[in-house]
Amino acid sequence: MNTRLSVFALTVMLAAAAVAQSPPPSDSSRSTTASAAPSAAALAPIAAVSAPSGYVLSANDQVAVEVFGEEDLRTNGRLNAEGNLSIPLIGSVHLAGLTLSQASAKLTDLFGRDYLVNPKVNVMLIGYAKRRFTMLGQVNRPGSYEMPEGSPEGIDLLEAVAVAGGYTRIAAPERISVRRGNQILRVNAKRLARGGKENFTVVPGDTVTVGESLF
């Protein structure tokens, strides 16, 4: 009996010693796994919108910046109210008022000055700023409206009237005024509705007032 107990005790001791000597999982393997997720996210494709040729960036536009071969410098965000965007390494950069190609050239120059050799930078538009126009006077739904998603730079006047619910029964389409900055523009929408080459585009920030019929 004592011999059996001694053998059993020895077996338990050897097993415990083997477990104690087994190396723990390496930290490097854990860190490799943890870092894999950000890399995968960084490589995810960016869904750029189709900007019109010569489109000029403005405050609150959302853009993505890619630096070829430098995934850790890839970023995207909205231009702030001043038209600036925070860029890794460089800091805050003013991009409003530039086309996408001009913005790419500006960032290429800034990266190339102190940080990278022959950088290749691409700036893409991934979201328009909210752009609005206002309809007042003799329309059925006066108010402020967002520009349609596919027409951020402007909307046809007749389409703008339709967005606001159309004319009231006492509207005078021939007597429409458009406030654009410090200008007041007079438009005869009755003539526009007859067709032909003439048209009028309502741009972001415009306030359109449909006059009332005198009779």
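**Exercise 1. Asn 60 and Asn 118**

Is Asn 60 buried, partly exposed or exposed? Place it in the chain, then treat Asn 118 in the same way.

*Solution.*
Step 1. The model is a predicted one. In it, Asn 60 has a relative accessible area of 41%. Buried means under 20% and exposed means over 50%, so Asn 60 is partly exposed.
Step 2. Asn 60 sits in the loop that runs between α2 (27-42) and β1 (62-67).
Step 3. Most residues other than glycine have a negative phi. Asn 60 is not a glycine, yet its phi is positive, at about 75°.
Step 4. Asn 118 also has a positive phi, of about 50°, without being a glycine. The loop between α3 (100-114) and β5 (121-127) holds Asn 118. With a relative accessible area of 70%, Asn 118 is exposed.

**Exercise 2. The chain as a whole**

Find how many helices and strands the chain has, and what share of its residues counts as buried.

*Solution.*
Step 1. The secondary structure comes to five helices and twelve strands.
Step 2. The chain has 215 residues, of which 32% count as buried.
Step 3. Consider the contacts in the chain with a separation of 6 or more: 55% of them are between residues 24 or more positions apart.

**Exercise 3. Salt bridges**

Which residues are linked in a network of salt bridges? Then describe the salt bridge between Glu 174 and Lys 190.

*Solution.*
Step 1. The cut-off is a side-chain nitrogen of Lys or Arg within 4 Å of a carboxyl oxygen of Asp or Glu. By this rule there are seven salt bridges.
Step 2. Arg 74 meets Glu 66 in a salt bridge, 3.4 Å from N to O. Arg 74 also forms a salt bridge with Glu 71, where the closest N and O atoms are 3.7 Å apart.
Step 3. The network therefore consists of Glu 66, Glu 71 and Arg 74.
Step 4. Both acidic residues of the network are partly exposed: Glu 66 has a relative accessibility of 26%, and Glu 71 one of 38%.
Step 5. The side chains of Glu 174 and Lys 190 form a salt bridge at 3.7 Å, N to O. Glu 174 belongs to strand β9 (residues 171-180) and Lys 190 to helix α5 (residues 189-193), so this pair ties together parts 16 residues apart in sequence.
Step 6. Glu 174 is partly exposed at 32% relative accessibility, and Lys 190 is partly exposed at 40%.

**Exercise 4. Helix α3**

Check the span of α3 against the expected value, and find where its buried residues lie around the axis.

*Solution.*
Step 1. At 1.5 Å a residue, the 15 residues of α3 should span 21 Å. The end C-alpha atoms of α3 are 22 Å apart, which agrees.
Step 2. The buried residues in α3 are Leu 100, Ala 103, Ser 104, Leu 107, Leu 110 and Phe 111.
Step 3. Seen down the axis of α3, these buried residues fall within an arc of 130°, so they line one face of the helix.
Step 4. Ser 101 and Arg 113 are exposed on the other side of α3.
Step 5. What do the buried residues of α3 pack against? They pack against β1, β3 (84-87), β4 (91-94) and β5.

**Exercise 5. The sheet of three strands**

Give the strand order in the open sheet of three strands, and name the strands at its edges.

*Solution.*
Step 1. The order is β2-β1-β5, with antiparallel pairing.
Step 2. The edges are β2 (75-78) and β5; each has a single partner strand, so one side of each is left without a neighbour in the sheet.
Step 3. Direction ignored, neighbouring strands of this sheet are turned by 20° against each other on average.
Step 4. Four bridges pair β1 and β2 in the antiparallel sense. The bridge partner of Val 63 in β2 is Gly 77.
Step 5. Helix α3 packs on this sheet and touches β1 and β5; the direction of α3 makes about 135° with that of β5.

**Exercise 6. The sheet of five strands**

In what order do the five strands of the other open sheet stand?

*Solution.*
Step 1. The order is β7-β6-β12-β9-β10, and the pairing is mixed.
Step 2. The edge strands β7 (143-146) and β10 (183-187) each pair on one side only.
Step 3. The average turn between neighbouring strands of this sheet is 25°, direction ignored.
Step 4. Strands β9 and β12 (residues 207-212) run antiparallel and are joined by six bridges. Ser 177 stands opposite Thr 209 in β12.

Conventions:
Residues are numbered from 1 along each chain as its sequence is written. This is a predicted model: local features need pLDDT of at least 70, side-chain atom pairs count only at pLDDT 80 or more; totals for chains, interfaces and linings use all residues. Side-chain values use heavy atoms; hydrogens and water are left out. Helices (H or I, at least four residues) and strands (E, at least two) are DSSP runs, numbered from the N terminus. Buried means under 20% relative accessible area, exposed over 50%, partly exposed in between (1.4 Å probe, protein chains only). The expected span of a helix is 1.5 Å times one less than its number of residues. The arc is that of the directions from the helix axis to the C-beta atoms. Contact means heavy atoms within 4.5 Å. Two strands pair if DSSP finds at least two bridges between them. Axes are lines fitted to C-alpha atoms, for helices over the stretch in contact, and angles run from 0 to 180 degrees between N-to-C directions.
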